[in-house]
Amino acid sequence: MGWVRHLSGALGEPPEVVGGKAHGLVLLHRLGLPVPAGVVVTTEACRVFLRTGRLPDGLADELASAVETLGPSMVSVRSGAAVSMPGMMDTILNLRPTPDSLHKALQSVFSSWNTPRARTYRTLQGIPHDLGTAVIVQRMVFGDRDRHSGSGVAFSRDPGTGENAPFGEVLFGHQGDDVVSGRSLTLPLHTLADREPAIWRDLLDALHRIEQHYRDACYVEFTFESGALWLLQVRPGRFTGAAAVRLATDLADARAITRDEALLRVAPHDLRHVRVPRIAPDADVIARGLGVCPGVAAGRVAVTADEAVRMAAEGPVVLVRPETSPEDIRGLAAATGIVTARGGPASHAAVVARSMGKPAVVGVANLVVGSDSIALGGHTAGVGAMLTIDGTGGEVVSGTPRIVAGGADEHLGRLLGWADEVSGDRSERDEAERLEAAHAVLRRR
């Protein structure tokens, strides 16, 4: 079949062949949703490149011929491994697709599979190093075309709480990389409702249709160009903690899934994070931002990734940056918590923090990061000073304030009630053990 596939609803190969991103785009095609025309180079082509140091015979010509069918426009060249690796690999935008430029772009993306940041991320996440990545070449759509253009990201439900309300961020007059990089000040997703009501309506319809298919919350990246919506990526929401509990119970209530399925959707370790600790209300808050990964983290201030790695050998560290990038991955891994001056719920810092389960606060507007200190409004803290952050409410506090335990909610109580009915065991055990007992019974059925 060659090395290149056209993206359409007829493409039936698994993520191991075409990558997770392309697999999601195939779903969007099947649902009749708007996707820019594109082609995908298979993961096997990448594995050949990694073994031999050159592109497989015939690939360059095959790709050039396939891209001609996309029409006379610029293209994007993006990685798309079977397993998500947010921001760890190269992306090339606004490429004028000559055979030579496509050849170089493909080599660049394949080579980025083995960059230090990508290898570090895979090691941290337990992802095998020999998978390779697919590459998607797709017609560009421009969020900076005119006043009716922009880009954004959207969850069908709130990833922090599981509430059944669209959640995300948008930038008008910008491309998508400005949204996810954290460099620009984004606006709440619902801003679309007033500024571009047709786009808002089409986006809500898309989220509803995707959620019905997945029977799960979903995440999409989108661009709108001159009043027309285009979807660029989709995946299930992958909620954890309290959000996973509420989502599962709400879907069961709506009869989208059964109660047994709801129980299996929630991992026992999620319950250990449901009663999320919070900074006590009487704490002296010196700054506020957007909490993007629940929990409390306390540690000494580090302002660079290398500093965080070095200081973490002697105790907990809070990494404080203007924004983070894939080059910061070692520092993000070493830190106990993360704070950034810029960014929103889909910024690099937020996405990586959630994937690692680290409390994080982003978009702290009055934060200035210097070479050896940080300034938060009228408060200054040097490198090594103690800082505590609340990744639920977005509070930043100097020192080590009093911490209070989070309480259970009705959704957790109902889920545990279902678990006890399945297991037939109502003994006094912790919440995770009660869910594990139900899982054991369901797996035997």
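This is a short tour of some aromatic pairs, a sheet and a helix in the structure above. Keep in mind as you click that the model is predicted.

**First stop: two phenylalanines**

The structure holds five aromatic pairs. To meet one of them, select Phe49 and Phe110. Their ring centres are 5.6 Å apart and the planes make an angle of 40°, so this pair is tilted. Now colour the helices: Phe49 belongs to helix H2 (residues 43-52) and Phe110 to helix H4 (residues 99-111), so you are looking at a link between distant parts of the chain, 61 residues apart. Switch on a surface if you like; both Phe49 and Phe110 are buried.

**Second stop: Phe155 and Tyr219**

Next, select Phe155 and Tyr219. This aromatic pair is tilted too, with 5.0 Å from centre to centre and 55° between the planes. Phe155 is in strand S6 (residues 150-155) and Tyr219 in strand S9 (residues 218-225), which puts the partners 64 residues apart. Are these two residues buried or exposed? Phe155 has a relative accessible area of 3% and Tyr219 one of 5%; the cut-off for buried is under 20%, so both count as buried.

Add Phe239 to your selection, and you have a cluster of Phe155, Tyr219 and Phe239 linked by ring pairs. Then show Arg235, which lies over the face of Tyr219 at 4.3 Å from the ring centre. For another arginine over a ring, go to Arg195: its charged end sits over the ring of Phe172, 3.7 Å from the centre.

**Third stop: the sheet**

Switch to a cartoon view and find the open sheet of five strands. Its order is S8-S7-S6-S9-S10, and the pairing is antiparallel. Strand S8 (187-188) and strand S10 (228-236) are the edges, each pairing on one side only. Zoom in on S6 and strand S7 (residues 167-172), which run antiparallel and are joined by six bridges. To see one bridge, select Ala154, whose partner in S7 is Gly168.

**Last stop: helix H16**

Finally, select residues 431-444, which make up helix H16. Its 14 residues reach 21 Å from the first C-alpha to the last, close to the 20 Å expected at 1.5 Å a residue. Look at the N-terminal end for a cap: a side-chain oxygen of Asp430 lies 3.2 Å from the backbone nitrogen of Ala432.

Which residues of H16 are buried? Among them are Glu431, Arg434, Leu435, His439, Val441 and Leu442. To see what covers the buried residues, show helix H10 (259-265), helix H11 (268-271) and helix H15 (410-423), which are included in that cover.

Notes:
Residues are numbered from 1 along each chain as its sequence is written. This is a predicted model: local features need pLDDT of at least 70, side-chain atom pairs count only at pLDDT 80 or more; totals for chains, interfaces and linings use all residues. Side-chain values use heavy atoms; hydrogens and water are left out. Rings of Phe, Tyr and Trp (its six-membered ring) pair if their centres lie within 6.5 Å; planes under 30 degrees apart count as stacked, over 60 as edge-to-face and the rest as tilted. Helices (H or I, at least four residues) and strands (E, at least two) are DSSP runs, numbered from the N terminus. Buried means under 20% relative accessible area, exposed over 50%, partly exposed in between (1.4 Å probe, protein chains only). A charge sits over a ring if NZ of Lys or CZ of Arg is within 6 Å of the ring centre and within 35 degrees of the ring normal. The expected span of a helix is 1.5 Å times one less than its number of residues. Contact means heavy atoms within 4.5 Å. A polar contact is a pair of N or O atoms within 3.5 Å; within protein, one must be able to donate a hydrogen and the other to accept it, and residues adjacent in sequence count only if both atoms are side-chain atoms. Two strands pair if DSSP finds at least two bridges between them.
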